[in-house]
Structure formats: structure tokens, C-alpha cells
Amino acid sequence: MREKILENLTMAFRNRFVSKSPLFLSHMVTSLCNARCEFCALWKRSSQYNNDMSLSEIFSMLRKAREAGIVSYTAWGGEPLLRQDLHEILECAKSEGFITQIITNGYLLEERRDELAPNTDFLIVSIDSADSLHNELRGVDGILQKAIDGIKAWKQTETRIVINSVIAKANKDKIGGLVGLSESLEVPISFEPMQVNEENEEYRFSDGELKRIFAKIAKYKKSGSRIVNSLPYLRNFFDGKNYVCHYPKLFVKVEADGEVNSCDDGLDKYWGNINDISFQEIFQSKEYEEFCKRAEKCDICDVSCVIESSLGYSLNPQYIIDKIRNF
């Protein structure tokens, strides 16, 4: 595994300074979901446009991504484990040389472990409270215990596991319990605030609330808790924004139907469908270069992968030291 990471780090260095192509492919393998989170509108709309890419289309996309120099593939959704052919997708991604990752609500983890784990390098399991509130937030009875049982089952594999907690008004007082769950399972945890849009505006935090919440998380990290977030990321919420957005230089997102997206928050940029274009066409275009420059002036995101990756791209020394310690 370490050899594969070092190989891909070499490619990352080349992409950073030579080819200027993103490193990470984030793929919504399906828009379907078995959770019913009241703050998420995706599951409410999925039945209206369930047009997920076929297996052959996904295989073609993965080849195009590797040819463009992308080194990491993340399957998410919806709920990715609802795709019965997910093991074939991950097997193809591994054969192409990708580092692979799944982001899941964990409900189906235990029963699908044996077919998925051999081709999964990293597993991110979403848990937003260590008690019954999680079941309420997700709208599924028993989903917390299913996720915990799944994590325990996957700990017997070579896959690296992280719990991810999205902090909203309803679970803002549950951080201590989540850190305790992380410690009891001996699995690291990451935190990020809920992304708020016009469909869930009532969940928006005030700046003061975010400051208090993430200052508390930083204290847990400093005391030795296994919190994945870097201190520079956490400080964004109580010391002010300290990053330049390089997200489109690092990530490309493909929706369930194949639409290619560099940002669906502040700049909302789609490039077309991957079945009709190649990644190289996008990344080598003048329009892409100009879009990346525009993104550098945007700092509205609180998403951990956006800020953390941007800090890394900027070679932020505190970020680098933090990640070396956690490697």
C-alpha cells in the first residue's frame, strides 16, 4: 500500500508542476440512496432522474481519467453500496492503478465487505452522532449500529477507515460522543460543517457557532484525539479564512449521469458529459485554465476536502507537518 501511495505521490508531483491535471476523481456512482436525511434533497429527486452510467461507460471513464494523469478514484452517491456492480468498478479502478476510496453511510458495509474490501484502499463512513440521534438524522432505524458493525468487520481487512461527521444544528452538542466512538473503535474521525444551500437554509450556522464548535474540535485534536482534520483547516473557523482555493486543479467530479463538474458550490461549473468528451480535452483547454484562476478568488467553502487539498497544494507548512505525523 505504501509503495502505491509513493508511486502516486510521484505522479502528483508531476501533475502539480508539469501536466497541471487534477489528481482526484470523485464519482457519484449512483444517485439512489437508502437513507432519508431530511436535510438532503438528493434522495427526494433521485427517482425522477435515475440515469446512472452503465458499467461499460464507467470503465471508459476510468481509462480516460488515468490517461489524463488522475491518481485517485472515490466512489460515492447517493449510497454507492446500492450499486450491485460496485465491486467490478473498484476492480477496474485498481487494475488501472488508482488509489480507491468509498464514501458510505455504512448500512450495507458488513454484508458487502468480502467483495469490496480487496479493491478498496480507503473507506469513509458517515456517522453524525454516537447515539440514536444518528438514526433520526438519517431517517433509517438501526443505521448507526449497522455502520458500527460494518466498521468492525472492515477493520479485519487492509482497508484504512475514517469516520466522517457532518456537523449541523441538531448534532452540534454531540462532538464529545463522536470522539469517544472514534476512540472506542480505534478509527480516526474527521469533521466538517453541513453544506447549506437554498434547499436547507434553516440549517445554517452563525459564524459565532462555527467558531465555538471548531475551536472545541481543535482542543480534542491537541489533546491527542485521532482527528484527521489538520489544525490549519480547523483554524479557518475561529481564526479566519487562511486558504486559496485550488480545488479544480486537484479534483474533478463526475455526476451519476456522466456530467463533469469542477465546482457545484460558488462557481457552479460543468464541462459536458464524459461520454462525449475526454478529461484531457477539459484540462488542456484555455477555459479550464481561466476557471482555475477564478476559483483562487473564491473562499466560500467550508468543505474539508476543498480546504485541506488547497492547503496541501499551497504547500502550507503546518498542513504538511500535520499530514506527515498522521501518515
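How many helices and strands are there in the protein chain? This predicted model has 15 helices and nine strands.

## The chain overall

Let's start with the broad numbers. The protein chain runs to 327 residues, and 55% of them count as buried. It exposes about 15,000 Å², with carbon and sulfur atoms supplying 50% of that area.

Now for who touches whom. Take the contacts between residues at least 6 apart in sequence: 71% of these join residues at least 24 apart.

## The sheet

The nine strands make an open sheet with mixed pairing, and the order reads S6-S5-S4-S3-S2-S1-S7-S8-S9. At the edges you'll find strand S6 (189-193) and strand S9 (269-273); each has a single partner strand, so one side of each is left without a neighbour in the sheet. Going from one strand to the next, the twist averages 25°.

For a look inside the sheet, try strand S3 (residues 99-104) and strand S4 (residues 122-126), which pair in the parallel sense over four bridges. Here Ile 103 sits opposite Ile 124 in S4.

## A helix across the strands

Helix H9 (residues 207-222) lies across strand S5 (160-167) and the edge strand S6. Relative to S6, helix H9 runs at about 170°.

## A nonpolar patch on the surface

Towards the end of the numbering, have a look at Leu 315, Ile 320 and Ile 324, which form a nonpolar patch on the surface. Together they offer about 280 Å² of accessible area.

Leu 315 is in the loop between helix H14 (304-313) and helix H15 (317-326). Why does Leu 315 count as partly exposed? Because its relative accessibility is 49%, and the exposed class takes in residues over 50%.

Note on methods. Residues are numbered from 1 along each chain as its sequence is written. This is a predicted model: local features need pLDDT of at least 70, side-chain atom pairs count only at pLDDT 80 or more; totals for chains, interfaces and linings use all residues. Side-chain values use heavy atoms; hydrogens and water are left out. Patches are made of residues with over 30% relative accessible area and no salt bridge: like charges are joined within 9 Å, nonpolar side chains (Val, Leu, Ile, Met, Phe, Trp, Tyr) within 5 Å. Accessible areas come from the Shrake-Rupley method with a 1.4 Å probe; for residues, only the protein chains shown count as cover. A salt bridge is a side-chain nitrogen of Lys or Arg within 4 Å of a carboxyl oxygen of Asp or Glu. Helices (H or I, at least four residues) and strands (E, at least two) are DSSP runs, numbered from the N terminus. Buried means under 20% relative accessible area, exposed over 50%, partly exposed in between (1.4 Å probe, protein chains only). Two strands pair if DSSP finds at least two bridges between them. Axes are lines fitted to C-alpha atoms, for helices over the stretch in contact, and angles run from 0 to 180 degrees between N-to-C directions. Contact means heavy atoms within 4.5 Å.
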